[in-house]
Amino acid sequence: MSCASWRDTTYVSLFATRYPEAYSAEQLFAAAVQDIRRSWQNVAAVEGDFSIATIGDQDVPLAAVFTAERNDLKRQTMVVLRNIGAWSFKARATGEPGDAELPKVGSLIFALALPGGWEAAQP
């Protein structure tokens, strides 16, 4: 299952997948990073710390942020991934280069979409 939407200048795609075989979060994360490297040009990891949002007692997901180009257009893109039970949850967020808020926005939308995330965020 997947869906996508815009949040200002950031495009976020969410995926929920139940694979027939058991893959670790690390295996799926490595595959997602490889997909970014195949789909974009001049991919470079963003160095340093970036803020990853979680809600309530959620575990911190695997996350990576990159600068990259496609069709001569520079962008920043990220991947966030967590396995919960037999399901794998992944988000991709892409936006303006140098947008310090992109990791926070992408990971917050991801956290809200996880099972129980929306409910945990309610006052």
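This short talk describes the fold, the nonpolar cores and one helix of a protein chain.

Good morning. Please keep in mind that the structure shown is a predicted model.

Let me begin with the overall fold. The protein chain contains three helices and six strands. Read from the N terminus, the order of these elements is β-β-α-β-β-β-β-α-α. The radius of gyration is 14 Å, close to the 14 Å that the globule rule gives for 123 residues, so the chain is as compact as a globular protein of that length. Along the principal axes, the C-alpha atoms fill a box of roughly 40 × 40 × 25 Å. Of the 123 residues, 36% are buried. Among contacts between residues at least 6 apart in sequence, 56% join residues at least 24 apart. As for the surface, the chain exposes about 7,300 Å², and carbon and sulfur atoms supply 51% of that area.

I turn now to the interior. The largest nonpolar core has 13 residues, and those with the most contacts inside it are Phe29, Ile36, Val43, Phe66 and Val79. Which elements give two or more residues to this core? They are helix 1, residues 25–39, together with strand 4, residues 62–70, and strand 5, residues 73–84. Helix 1 gives the most, with six residues. Consider isoleucine 36 in particular: leaving aside its neighbours within four places in sequence, Ile36 is in contact with Val43, Phe66, Thr77, Val79 and Arg92. Apart from this core lies another, of twelve residues, which include Ala16, Met78, Ala91 and Phe110.

Next, helix 2. This helix covers residues 102–113, twelve in number, and spans 17 Å from its first C-alpha to its last, close to the 16 Å expected at 1.5 Å a residue. Its buried residues are Leu102, Pro103, Gly106, Ser107, Phe110 and Ala111. Why do they line one face of the helix? Seen down the axis of helix 2, the buried residues fall within an arc of 155°, so they line one face. In general, an α-helix has 3.6 residues a turn, so residues three or four places apart point the same way. The buried residues of helix 2 pack against strand 2 (10–17), strand 4, strand 5, strand 6 (87–95) and helix 3 (117–121).

Finally, a single residue of strand 2, serine 13. Is serine 13 buried or exposed? Its relative accessibility is 13%, and buried means under 20%, so serine 13 counts as buried. Beyond its neighbours within four places in sequence, serine 13 is in contact with Cys3, Ala4, Lys90, Ala91 and Arg92.

Thank you for your attention.

How values were computed. Residues are numbered from 1 along each chain as its sequence is written. This is a predicted model: local features need pLDDT of at least 70, side-chain atom pairs count only at pLDDT 80 or more; totals for chains, interfaces and linings use all residues. Side-chain values use heavy atoms; hydrogens and water are left out. A nonpolar core is a set of buried Ala, Val, Leu, Ile, Met, Phe, Trp, Tyr and Cys residues joined through side-chain atoms within 4.5 Å. Buried means under 20% relative accessible area, exposed over 50%, partly exposed in between (1.4 Å probe, protein chains only). Helices (H or I, at least four residues) and strands (E, at least two) are DSSP runs, numbered from the N terminus. Contact means heavy atoms within 4.5 Å. The expected span of a helix is 1.5 Å times one less than its number of residues. The arc is that of the directions from the helix axis to the C-beta atoms. The radius of gyration is taken over C-alpha atoms; the globule rule is 2.2 Å times the number of residues to the power 0.38. Accessible areas come from the Shrake-Rupley method with a 1.4 Å probe; for residues, only the protein chains shown count as cover.
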